[in-house]
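Here is a short tour of a few local features, meant to be read with the model open beside you. Please have a look first, and then we can go through them together.

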Amino acid sequence: MATSSAAVKSTEKESFAALLEESLGQSESFEGTVVKGRVVSIDNDMVLIDVGLKSEGRVALKEFAVPGQPATLAAGDTVEVFIERMEDKNGEAVLSREKAKREEAWTALEKSFTDQLRVTGVIFGKVKGGFTVDLNGAVAFLPGSQVDIRPVRDISPLMGTPQPFQILKMDRSRGNIVVSRRAVLEESRAEARSELVANLKEGQVLEGVVKNITDYGAFVDLGGVDGLLHVTDIAWRRINHPSEALQIGQAVKVQVVRFNPETQRISLGMKQLEADPWEGVVAKYPAGARFRGRVTNITDYGAFVELEPGIEGLVHVSEMSWTKKNVHPGKIVSTSQEVEVMVLDVDPVKRRISLGLKQCLPNPWEVFAEKYPAGTELEGEVKNITEFGLFVGLPGEIDGMVHLSDIAWDRPGEEAIQDFKKGDQVKVKVLDVDVEKERISLGMKQLTEDTFEKATAGGGLRKGEIVTGTVTEVNDGGVEVSVGDGLVGFIRKSDLSRDRSEQRPDRFAVGDKVDAKVMQVDRAARKVQLSIKAKEVDEEKQAMAEYGSSDSGASLGDILGAALRKARESSGEEK
């Protein structure tokens with residue numbers, strides 16, 4: 001039995017010697033080499049290993065563990081270790097499993113570096129300028145710029161997870177290895193880009209991540225290729241800036257709206273994946289109907305009102321207020337304000353809806369016409385004076401106009417208007433209200449009686465009548481005469497006398513009494529044309545008729561003399 005046991009020990013020793021010879025070859029020095037050894041025992045987290053030297057060596061059990069997992073090792077197992085020294089002060093071999101793994105890793109890494117192959121590693125620490133990576137025992141440096149294609153704010157999700165890396169450079173003598181995760185991603189990205197572009201077509205729905213946001217839209221990473229999502233294609237509703245609906249890093253579902261294979265420009269849309277709110281818009285928003293909406297944007301020419309998400313209409317500045325004609329829309333409404341509007345017109349082809357704000361408020365001209373019909377007398381403030389009349393403020397914040405011709409009966413409008421200034425309180429009479437044209441005609445002279453009409457109407461002054469008047473003005477063209485009740489007539493120079501030598505205006509003076517014949521009454525021009533000459537001709541004709549004819553042998557002087565005597569006698573008899 002003893003003989004048999006000795007034989008077994010001898011066999012094991014010979015086998016291990018062969019194993020050691022296989023590991024070391026013909027090397028004369030064991031130090032600095034990796035050899036195979038046998039686990040003798042495991043005690044107090046230390047592993048006793050026999051590598052065929054004078055004495056065994058000890059290695060910490062944790063050096064045999066895979067990161068994150070306990071070591072699985074038992075007596076009799078064969079392991080590879082690195083011999084640092086043949087023996088220490090205690091006579092034991094100084095062994096290292098970590099250095100053995102590092103040597104193994106370096107050999108494999110050098111081959112991968114030469115063949116430009118990717119290697120697998122685990123990011124396990126952070127150092128200045130980057131991170132440390134465990135490449136199956138060898139420690140490599142990962143610069144911060146080589147972590148990802150884009151800057152990474154938080155690297156913690158990447159730590160502790162096996163990932164592919166590309167070796168950029170390595171120096172075994174110095175123990176330096178530099179790796180890149182970004183190079184792997186860019187290579188994968190290029191492959192994905194080629195595949196994506198090759199299969200890309202308009203109408204295709206894709207998943208992407210918002211990469212960048214600008215004023216005009218957002219760039220979406222589709223997995224190796226970027227597409228532009230224009231601000232108008234984010235949603236059917238108005239979006240002033242893409243940041244209102246999107247944020248960098250956000251995952252989005254988009255549709256390829258346009259794709260140019262030559263330039264590889266990709267236009268994307270999000271709203272195209274939703275129902276178009278403009279379908280059936282005519283039936284939904286008929287002309288004349290009223291709706292409530294929210295003011296979304298204000299411009300110089302009007303305000304946009306959102307009726308529902310994706311449906312906006314324009315309230316033109318001319319449709320905002322009945323009375324505020326030259327006011328900026330921002331003075332009437334404000335952004336986000338809720339307003340009531342009326343649909344004026346819908347164009348589904350151009351996707352335009354015309355809205356009115358003032359149509360939902362009482363028309364002040366209709367209200368005025370009903371409350372103040374023609375003939376009503378009012379008092380108001382002179383708001384403005386123009387070359388054609390006065391504008392007077394009226395109830396309802398509207399203005400009416402007194403035309404020059406309606407200021408005074410007896411004076412030209414250009415002269416009468418000089419009596420007024422802005423801010424004056426005046427009395428007026430409503431002459432006419434045109435609701436459609438938004439015009440109100442007012443009059444001032446209509447508040448008093450028309451002296452001309454009174455003097456010329458009915459049994460008053462009429463054509464052919466002889467009147468007596470007082471000279472009020474003398475000018476080169478003739479003489480102006482007052483014929484009573486403020487009525488003024490005019491005698492032209494040629495009508496001042498039958499005798500041409502007497503047709504001189506300077507024969508008359510203001511205050512002189514004159515008799516003249518009414519030649520014309522012009523009610524439109526409010527003028528009375530008088531003539532002394534015509535009166536004298538009539539008197540001559542009458543004398544000829546009464547006292548004979550020049551054919552009887554009597555001279556014209558005799559006839560007129562007889563007529564004058566008769567006139568004196570008649571006058572004496574009356575007395």
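## Helix α3 and its cover

Let us begin with helix α3, whose buried residues are Val184, Arg189, Leu196 and Val197. The model is a predicted one. Several strands help to cover these buried residues of α3, including β9 (163-171), β10, β11 (205-213), β12 (217-221), β13 (226-230) and β14 (251-260).

How far apart are the end C-alpha atoms of α3? They are 25 Å apart. The helix has 18 residues (182-199), which at 1.5 Å a residue should span 26 Å, so the two values agree.

## Asn176 in strand β10

One of the covering strands, β10, takes in residues 176-180, and Asn176 belongs to it. Is Asn176 buried or exposed? The answer falls in between: Asn176 is partly exposed, because its relative accessible area is 41%, whereas buried would call for under 20% and exposed for over 50%.

Setting aside neighbours within four places in sequence, Asn176 makes contact with Trp106, Lys169, Met170 and Asp171. Phe141 is 35 residues from Asn176 in sequence, yet their C-alpha atoms lie 7.8 Å apart in space.

## A five-stranded barrel

Further along the chain, five strands close into a barrel, in the order β26-β27-β28-β30-β29, with mixed pairing. From one strand to the next, the twist averages 50°.

Within this barrel, β27 (residues 478-482) and β28 (residues 488-492) run antiparallel and are joined by five bridges. Gly478 has Arg492 in β28 as its bridge partner.

Methods: Residues numbered from 1 in each chain as written. Predicted model: local features only at pLDDT ≥ 70, side-chain atom pairs only at ≥ 80, totals over all residues. Heavy atoms only, no water. Helix = DSSP H or I, 4+ residues; strand = E, 2+ residues; numbered from the N terminus. Buried < 20%, exposed > 50% of the residue type's maximum accessible area, 1.4 Å probe, protein only. Contact = heavy atoms within 4.5 Å. Pairing = 2+ DSSP bridges. Axes fitted to C-alpha atoms, helices over the stretch in contact; angles between N-to-C directions. Expected span 1.5 Å × (residues − 1).
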